[in-house]
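Please work through the exercises below with the sequence and the coordinates side by side, and attempt each task before reading its solution.

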Amino acid sequence: MKLSSKKQWLKVIEFAVVGTATWLNPQAAFLLFLLRLCFQILLALQKEDESKTNKGGYAQPPCDRT
């Protein structure tokens, strides 16, 4: 899956999760902030993983199924 596709799905999931959490408890501002921060960290880690894979970091070897 491309990073842009993952990013779009992550944004949709973030919107749904944060929206539902806000609807369930609108007074939990700090927890909602932490939830958004977790999604930002997840996105940053995916970008880092993608850049390491492109640079020949720790990509998985090709599978030989002959």
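Three exercises follow on this predicted model, each with a worked solution.

**Exercise 1. Overall make-up**

Determine how many helices and strands the protein chain has, and what share of its residues is buried.

Solution. Begin with the secondary structure: the protein chain holds 2 helices and 0 strands. Next comes burial, for which the cut-off is a relative accessible area under 20%; buried residues account for 11% of the 66 residues in the chain. Finally, the accessible surface of the protein chain amounts to about 5,700 Å², and carbon and sulfur atoms contribute 64% of that area.

**Exercise 2. The salt bridges**

Find the salt bridges in the whole structure, and state which residues they join into one network.

Solution. A search of the whole structure gives 2 salt bridges.

Step one concerns the pair within a helix: the side chains of Lys-11 and Glu-14 meet with an N to O distance of 4.0 Å, and both residues belong to helix α1 (residues 3–24), where they are 3 residues apart, or about one turn of the helix.

Step two concerns the other partner of Glu-14: Arg-36 forms a salt bridge with this residue, and the closest N and O atoms are 3.7 Å apart. Because Arg-36 lies in helix α2 while Glu-14 lies in helix α1, the pair ties together parts that are 22 residues apart in sequence.

Step three joins the two results, since salt bridges that share partners link Lys-11, Glu-14 and Arg-36 into one network.

Step four adds the accessibility of each member: Glu-14 is buried, having a relative accessible area of 7%, whereas Lys-11, at 39% relative accessibility, is partly exposed, and Arg-36, at 46%, likewise counts as partly exposed.

**Exercise 3. Helix α2 and a nonpolar patch**

Establish how far α2 reaches from its first C-alpha to its last, which of its residues are buried, and which residues make the nonpolar surface patch.

Solution. Start with the span: α2 has 26 residues and reaches 38 Å from the first C-alpha to the last, which is close to the 38 Å expected at 1.5 Å a residue. Turning to burial, the buried residues of this helix are Leu-32, Phe-39 and Leu-43. For the surface, Phe-30, Leu-31, Phe-33, Leu-34, Leu-37, Ile-41 and Leu-45 make a nonpolar patch of about 700 Å². As a check on the location of one patch member, Phe-33 is found in helix α2, which runs over residues 29–54.

Note on methods. Residues are numbered from 1 along each chain as its sequence is written. This is a predicted model: local features need pLDDT of at least 70, side-chain atom pairs count only at pLDDT 80 or more; totals for chains, interfaces and linings use all residues. Side-chain values use heavy atoms; hydrogens and water are left out. Patches are made of residues with over 30% relative accessible area and no salt bridge: like charges are joined within 9 Å, nonpolar side chains (Val, Leu, Ile, Met, Phe, Trp, Tyr) within 5 Å. Accessible areas come from the Shrake-Rupley method with a 1.4 Å probe; for residues, only the protein chains shown count as cover. Buried means under 20% relative accessible area, exposed over 50%, partly exposed in between (1.4 Å probe, protein chains only). The expected span of a helix is 1.5 Å times one less than its number of residues.
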